[in-house]
Amino acid sequence: MMFLHAKLKKLKKYEKKAELKQEILREKKLFVLDNSLRESTVGQLRGHTIENKWKIYEEHVIIHCPCLNTVQAIIHHLYAAVQMFWGTVAVHCGVVGISKTDKKSWLSGYHCNIVFPYDPCGDTFIRQLAEKGEDFSKFYAFTEFIESIDSRTKIPDTDTIPVGLMKMKELGIRNPIIEADLFYPNIDYKIFNVKRITKLFSQRMQWIRENLSRDAKIFINLRDIADAIINEPKRVFKVVEYLSSLPADQRPFGLIFEEPTGNYLPDQLGAWTAAVRQEMDKCGFQDGHLLAHIHEKWGLAQMCQLECLINGATGIWCSVCEEGAALGHACSSVTLLNMIRLGNEHVFKQYNCVELRIAAQEVTRITTGQEPHPKQPVYGERALDIVMDGTMGSNPEDEGFCMATFFGQEPLMRMTTLATPRMVVERLKTLFGENTQFTQERAQRMLQVMLEDLHENRKEEYMSKVGLAILFDRSGGKLTEAMAKAVEDEKPETLHGEKLIAQIRELWDVWDLRDGVKDDQLEFDAFYNGFMAPYFGCYRCDTTRRALKAIDMDEDGQVDWNEFSLYLKWAIREYPETKDAEELLSIAFRKGLIPAMQDEILK
């Protein structure tokens with residue numbers, strides 16, 4: 001009994017800790033530095049063209065964020081990032097910003113990936129922004145802390161102004177993000193010590209305020225904080241202490257950091273974040289931002305990002321989708337939705353979160369040329385699926401958060417053996433509209449047919465319009481006009497499938513011309529002789545005549561090509577490894593048409 005009491009006490013302690021974490025995420029006001037058009041192309045086989053950038057900036061934003069002018073008045077702390085590479089290796093400069101025009105939203109991100117050593121498209125793009133009259137006060141640029149390092153002495157050049165800052169001055173970009181390393185192996189930190197590092201930070205910020213803008217919002221990225229805090233923690237905290245202790249008019253706007261390897265656990269990153277935040281607060285820098293950027297490798301990126309927010313980070317810098325270097329990174333769409341599902345109203349009011357799913361999908365398409373992975377959280381095709389009825393907060397009638405309802409979409413009922421008759425009916429209505437045949441009894445029969453297929457070693461899908469329509473037909477239903485059209489519009493996914501159906505079509509045309517008119521229709525006797533005879537032994541027997549009625553969907557006494565091709569398209573979709581036209585016909589009859597004919601035969 002005492003052992004049980006101790007266990008329950010320990011459990012209560014863990015529950016209280018979890019509740020505290022949720023409360024922090026629920027109440028946090030999040031600063032998002034959106035880096036969609038830079039981060040999304042890091043490590044990609046194809047970079048963004050200027051056309052890509054403008055597509056995201058104009059077409060995508062205008063189409064998917066029509067209510068932006070209202071939201072923008074609120075979300076003054078949301079920026080979109082763009083990065084460019086200028087000059088020498090390891091020197092880069094980029095722009096981040098938010099449009100203030102009525103037609104643009106917080107997703108107005110830009111990226112220009114300029115190939116080494118120089119590509120003028122970066123300049124071109126920034127100048128185009130200026131020509132359009134965009135608000136450069138909300139644009140940021142990345143720049144290196146030091147321009148170069150003497151490879152012989154390992155001492156940085158502290159006299160030369162980095163090319164990134166010079167480009168910012170030339171193009172009128174006033175807000176820099178200074179990228180600095182505190183544990184770089186090619187620097188001798190015995191000479192380039194904390195005193196010289198902090199002095200250079202002050203010199204850089206003074207130059208920025210004198211040459212870019214007196215009101216410049218300066219971020220400092222402690223780029224290698226993970227390695228530095230493990231190997232030289234004193235150096236890290238002395239730098240943080242110095243920057244945080246500067247007078248308000250001299251210190252930066254905030255600090256940012258990144259974990260580019262994905263090797264560290266959430267607790268480690270949480271502890272480092274808490275330590276940096278405490279140092280900032282202790283020195284009077286409570287209003288200073290601390291932003292996190294976490295890369296993926298071992299599946300912990302989102303948890304690491306949330307842990308950083310729980311432990312004092314005020315925001316994140318990332319793309320709206322997870323595309324990026326390595327396996328990607330913790331993106332804003334998933335992080336924001338996690339906070340919203342926990343009840344964070346601040347985030348919902350700050351950002352146009354309802355458009356996050358479409359935004360993430362669109363940026364993924366533009367970046368990769370492909371759809372997001374189906375099982376990608378939040379914006380993947382299957383992210384809104386309901387697998388089991390009324391569970392896991394998936395039902396909009398439940399009290400739990402329903403992601404589909406949040407995004408203004410109908411919950412997607414996944415058609416599996418775990419589905420309920422209600423889910424099947426809802427799926428039928430969603431895909432094909434209302435119909436008196438869509439009953440709980442018919443849905444129950446469809447679920448039974450699914451199980452029968454598995455017992456017969458038939459591994460098929462019933463989620464698509466084609467798959468569900470044929471399942472409905474095989475379960476005793478009569479294909480509706482909407483179902484027939486859905487299957488008719490389906491195109492074979494492979495050239496092989498198109499070729500096999502084309503070969504069957506040639507045979508169909510031969511029989512079609514026997515009456516002297518090519519009208520895509522066959523009399524019952526022609527259809528029987530041309531296609532059905534191998535599967536039904538007698539043309540004139542009552543069973544065969546009834547079976548023929550099953551394929552005559554418009555009940556005109558003939559078989560249309562469109563009626564017959566439904567089953568061919570279904571067969572090649574379900575069995576793409578079919579070798580030839582003869583095998584495809586066999587599958588269409590044995591596994592599609594004949595089961596669908598059974599209800600007519602039984603009558």
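Q: Why does Ala-484 count as buried?
A: In this predicted model, Ala-484 has a relative accessibility of 17%. The cut-off for buried is under 20%, so Ala-484 counts as buried.

Q: Where is Ala-484 found, and how far is its C-alpha atom from that of Glu-563?
A: Ala-484 is in helix α19, which covers residues 481-488. Its C-alpha atom is 7.4 Å from that of Glu-563, with the two positions 79 residues apart along the chain.

Q: What makes Leu-255 buried?
A: Its relative accessibility is 1%. Buried means under 20%, so Leu-255 counts as buried.

Q: Which residues are in contact with Leu-255, leaving aside its neighbours within four places in sequence?
A: Contacts of Leu-255 are with Phe-219, Ile-220, Val-240, Leu-243, Met-280, His-289, Leu-290 and Leu-291. Leu-255 itself lies in strand β7, residues 254-259. As for Leu-222, 33 residues away along the chain, its C-alpha atom is 7.3 Å from that of Leu-255.

Q: Why is the pair of Trp-508 and Trp-561 called edge-to-face?
A: Two numbers go into this. A pair of aromatic rings is described by the distance of the centres and the angle of the planes. For Trp-508 and Trp-561 the centres are 5.3 Å apart and the planes are at 65°. Centres have to lie within 6.5 Å to pair, and planes over 60 degrees apart count as edge-to-face, so this pair is edge-to-face.

Q: Which parts does the pair of Trp-508 and Trp-561 tie together?
A: Trp-508 is in helix α20 (residues 495-512) and Trp-561 is in helix α23 (residues 561-574), so the pair ties together parts that are 53 residues apart in sequence. Both tryptophans are buried.

Q: What makes Trp-561 and Phe-564 an edge-to-face pair?
A: Their rings are 6.2 Å apart, centre to centre, with 75° between the planes. Set that against the limits of within 6.5 Å for the centres and over 60 degrees for the planes, and the pair comes out as edge-to-face. These two share helix α23, where they sit three residues apart, about one turn of the helix. Trp-561 and Phe-564 are both buried.

Q: Which residues do ring pairs link into a cluster with Trp-508 and Trp-561?
A: Phe-527, Phe-531, Phe-564 and Phe-589 are linked with those two tryptophans. The count of aromatic pairs comes to 19.

Q: How do you know that the charge of Arg-235 sits over the ring of Tyr-189?
A: The charged end of Arg-235 is 4.0 Å from the ring centre of Tyr-189. The distance limit is within 6 Å, and the charge also has to be within 35 degrees of the ring normal. Arg-235 is listed as sitting over the ring. Lys-217 gets the matching description for Phe-253: it lies over the face, at 5.9 Å from the ring centre.

Q: Why is Leu-4 called partly exposed?
A: Leu-4 has a relative accessible area of 48%. Buried is under 20% and exposed is over 50%, with partly exposed in between, so Leu-4 is partly exposed. Leu-4 has its place in helix α1, residues 2-27, and together with Leu-8 and Leu-11 it makes a nonpolar surface patch of about 280 Å².

Q: What makes Pro-576 partly exposed?
A: Its relative accessible area is 47%. That value falls between 20% and 50%, so Pro-576 is partly exposed. Pro-576 is in the loop between α23 and α24 (581-602). From Gly-497 it is 79 residues away in sequence but 7.1 Å away in space, C-alpha to C-alpha.

Q: What is the phi of Lys-154, and why does Lys-154 count as partly exposed?
A: Lys-154 has a positive phi near 60°, and it is not a glycine. Most residues other than glycine have a negative phi. With a relative accessibility of 36%, between the 20% and 50% limits, Lys-154 counts as partly exposed. Its place is the loop between β4 (140-144) and α6 (163-171).

Q: Why does Val-378 count as buried?
A: Its relative accessibility is 5%, and buried means under 20%, so Val-378 counts as buried. This valine is placed in the loop between α14 (356-368) and β10 (385-386). Val-378 also has a positive phi, about 75°, although it is not a glycine.

Terms used:
Residues numbered from 1 in each chain as written. Predicted model: local features only at pLDDT ≥ 70, side-chain atom pairs only at ≥ 80, totals over all residues. Heavy atoms only, no water. Patch = residues over 30% accessible without salt bridge, like charges linked within 9 Å, V, L, I, M, F, W, Y side chains within 5 Å. Areas by Shrake-Rupley, 256 points an atom, 1.4 Å probe, with all protein chains shown as cover. Salt bridge = Lys/Arg side-chain N within 4 Å of Asp/Glu carboxyl O. Helix = DSSP H or I, 4+ residues; strand = E, 2+ residues; numbered from the N terminus. Buried < 20%, exposed > 50% of the residue type's maximum accessible area, 1.4 Å probe, protein only. Phe/Tyr/Trp six-rings, centres within 6.5 Å; stacked < 30°, edge-to-face > 60°. Contact = heavy atoms within 4.5 Å.
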